[in-house]
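User: Could you take a close look at a single part of this protein and walk me through its surroundings? I would like one connected account rather than a list.

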Amino acid sequence: MKHILRQIFHSGKFVFGFAIFMAIGLIVIIYPLIIRERPLAIISQGTFFPPGIYVSVYDSLGSTPYTIMLDDATANRIASKLKDEDRIAMQEWLVAYGIPENEIDIKDTKKLVEQWENSYDPGVKVKGMTYAKRRYYQRVDAAVEGILSTEGATIAIKNPETGALEQKDVVEQTDYVNVSEVPSVRVLPLGTDNFGRDVLTELVAAARVSLKIGFVAGTIATLIGLALGLLAGYVGGFVDDIIMFITNLMTIIPTFVLLILISFSIGQDQRGAFVIAVVIGLTAWFWTARAVRAQVISLRNRDHVNLSKLSGHSITYIIINDILPYIASYVVMALILQISGAILAEAGLSILGLGPRTTEEPTLGLMMQWAMLYQAPLQGRWWAYFPVVLTITLIAFSMNLMNTGLDQVFNPTLRD
């Protein structure tokens with residue numbers, strides 16, 4: 001055993017993949033211990049806020065918090081919220097609404113926004129406008145809301161005795177904020193999603209849930225495939241024919257299509273993370289069963305197995321003690337691939353809206369679905385989707401590296 005472990009950890013691919021996977025695992029475990037409070041709905045819905053330092057402020061000492069970005073001058077604020085493509089889109093809507101094009105100047109921000117605020121109505125259906133266009137104009141409207149406001153933002157704190165909000169300071173549009181004087185400073189390295197939630201915090205929580213789904217689904221698929229493969233390979237005959245018939249039937253059916261049908265039939269309310277993991281596991285075992293069966297067939301007539309038969313040992317004893325140890329390394333590699341495949345399958349289901357229900361903790365796939373639903377790629381809000389894609393890629397890449405490293409250790413034909 002020590003010799004095998006030494007070989008494994010001398011495999012550069014395995015060590016590199018294991019290091020990446022452990023780094024992700026440590027972040028998933030440690031980060032929630034440091035950041036205990038999940039910043040939910042810290043920014044008004046409908047706006048992707050870029051990475052930066054933010055402080056929570058209150059509108060006229062009211063109870064509804066919103067957030068401003070530090071070191072954000074008026075010109076930068078307008079430029080970040082009103083891009084050139086947004087100005088052109090506003091012009092298109094205003095022209096379609098009936099305002100002459102020669103009266104619209106997209107370079108005059110004040111005049112353009114005033115025309116928009118005086119004319120735009122989300123309930124008006126302009127002829128020829130698609131649903132996607134209407135949603136786009138609604139997001140533009142949310143982005144320009146209050147963009148020309150010159151009023152300052154009130155920083156307030158709660159009175160420890162009365163619980164009422166009391167004014168501490170006012171931040172003007174052109175002011176810079178002294179971070180040491182603000183109790184509610186929050187650094188958002190990856191900005192926020194469209195719901196105003198910290199993407200980094202959501203990403204860590206999502207990675208944790210996706211890894212759980214991967215481990216549960218991978219374990220279920222591997223155990224089912226292992227059990228059926230051992231039974232079919234060793235017993236043979238009619239049992240082998242039945243198991244292989246079911247396996248071949250599952251093989252010719254596209255797995256992802258089967259997942260879609262099952263997830264859709266379950267219904268949104270019942271689709272929790274564990275349920276999705278079980279569904280993925282129950283539809284991903286067949287290739288493991290085929291591979292294990294092939295390995296067992298090559299072992300069942302070995303001398304040590306025949307000797308065990310002559311000794312009168314039971315089928316269960318022979319399978320567990322004389323066959324399973326010889327394919328244990330392959331089972332571990334199959335488990336790694338099953339976990340990686342389950343994480344990718346969940347991501348695919350969630351992007352289609354058939355993943356775990358959104359009332360619970362997010363998954364990596366759900367974060368991708370939210371980014372796609374609110375058109376973050378089209379708006380250039382890379383922080384809402386690129387970290388998620390990178391995390392999924394790193395998890396799959398690290399597990400495939402570990403599998404390749406183990407294959408080189410246990411497969412003599414691949415050794416240098």
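Analyst: A polar contact of 2.7 Å joins the side chains of Gln338 and Thr288, as placed in this predicted model. Gln338 belongs to helix α13, which covers residues 315-351, and with a relative accessible area of 4% it is buried, because the cut-off for that class is under 20%. Once its neighbours within four places in sequence are left aside, Gln338 is in contact with Gly218, Ala221 and Thr222, and also with Ala284, Trp285, Trp287 and Thr288. Thr288, the partner in the polar contact, is thus also found in that list of contacts. Looking the other way along the chain, Gln338 and Met399 are 61 residues apart in sequence, while their C-alpha atoms lie 9.8 Å apart in space.

One of the residues that Gln338 contacts, Trp285, leads on to the aromatic rings. Trp285 is itself buried, at 7% relative accessibility. The protein has 6 aromatic pairs, and one of them is formed by Trp285 and Phe286, whose ring centres are 6.4 Å apart and whose planes stand at 75°, so the pair is classed as edge-to-face. Phe286 is buried as well, with a relative accessible area of 9%. An edge-to-face arrangement is also found for Trp382 and Trp383, since their ring centres are 5.8 Å apart and their planes stand at 85°. The two residues of that pair fall into separate accessibility classes, because Trp382 is partly exposed at 42%, whereas Trp383 is buried at 6%. Elsewhere, Trp93, Trp116 and Tyr120 form one aromatic cluster.

Phe286 also gives a way into the charged residues, as helix α11 spans residues 286-299. The structure holds 1 salt bridge, in which the side chains of Arg293 and Asp240 meet at 2.8 Å, taken from N to O. Arg293 lies in helix α11 and Asp240 in helix α8, so this salt bridge ties together parts of the chain that are 53 residues apart in sequence. As for its accessibility, Asp240 counts as buried, because its relative value is 10%. In general terms, side chains of opposite charge can pair when their charged atoms come close.

Helix α8, which covers residues 237-252, also contains Phe238, and here the surroundings turn outward. Phe238 is exposed, because its relative accessible area of 65% is over the 50% that sets this class. On the surface, Phe238 takes part in a nonpolar patch together with Ile242, Phe245, Ile246, Leu249, Ile252 and Ile253, and these residues have about 720 Å² of accessible area together. Helix α8 therefore holds both the buried Asp240 of the salt bridge and the exposed Phe238 of the patch.

To set this part in the whole protein, the secondary structure comes to 16 helices and 5 strands. Of the 416 residues, 43% are buried, with Gln338 among the buried ones at 4%. Among contacts with a separation of 6 or more, 70% are between residues 24 or more positions apart. The protein exposes about 22100 Å², of which carbon and sulfur atoms supply 61%.

Technical notes. Residues numbered from 1 in each chain as written. Predicted model: local features only at pLDDT ≥ 70, side-chain atom pairs only at ≥ 80, totals over all residues. Heavy atoms only, no water. Patch = residues over 30% accessible without salt bridge, like charges linked within 9 Å, V, L, I, M, F, W, Y side chains within 5 Å. Areas by Shrake-Rupley, 256 points an atom, 1.4 Å probe, with all protein chains shown as cover. Salt bridge = Lys/Arg side-chain N within 4 Å of Asp/Glu carboxyl O. Helix = DSSP H or I, 4+ residues; strand = E, 2+ residues; numbered from the N terminus. Buried < 20%, exposed > 50% of the residue type's maximum accessible area, 1.4 Å probe, protein only. Phe/Tyr/Trp six-rings, centres within 6.5 Å; stacked < 30°, edge-to-face > 60°. Contact = heavy atoms within 4.5 Å. Polar contact = N/O pair within 3.5 Å; in protein donor to acceptor, adjacent residues only side chain to side chain.
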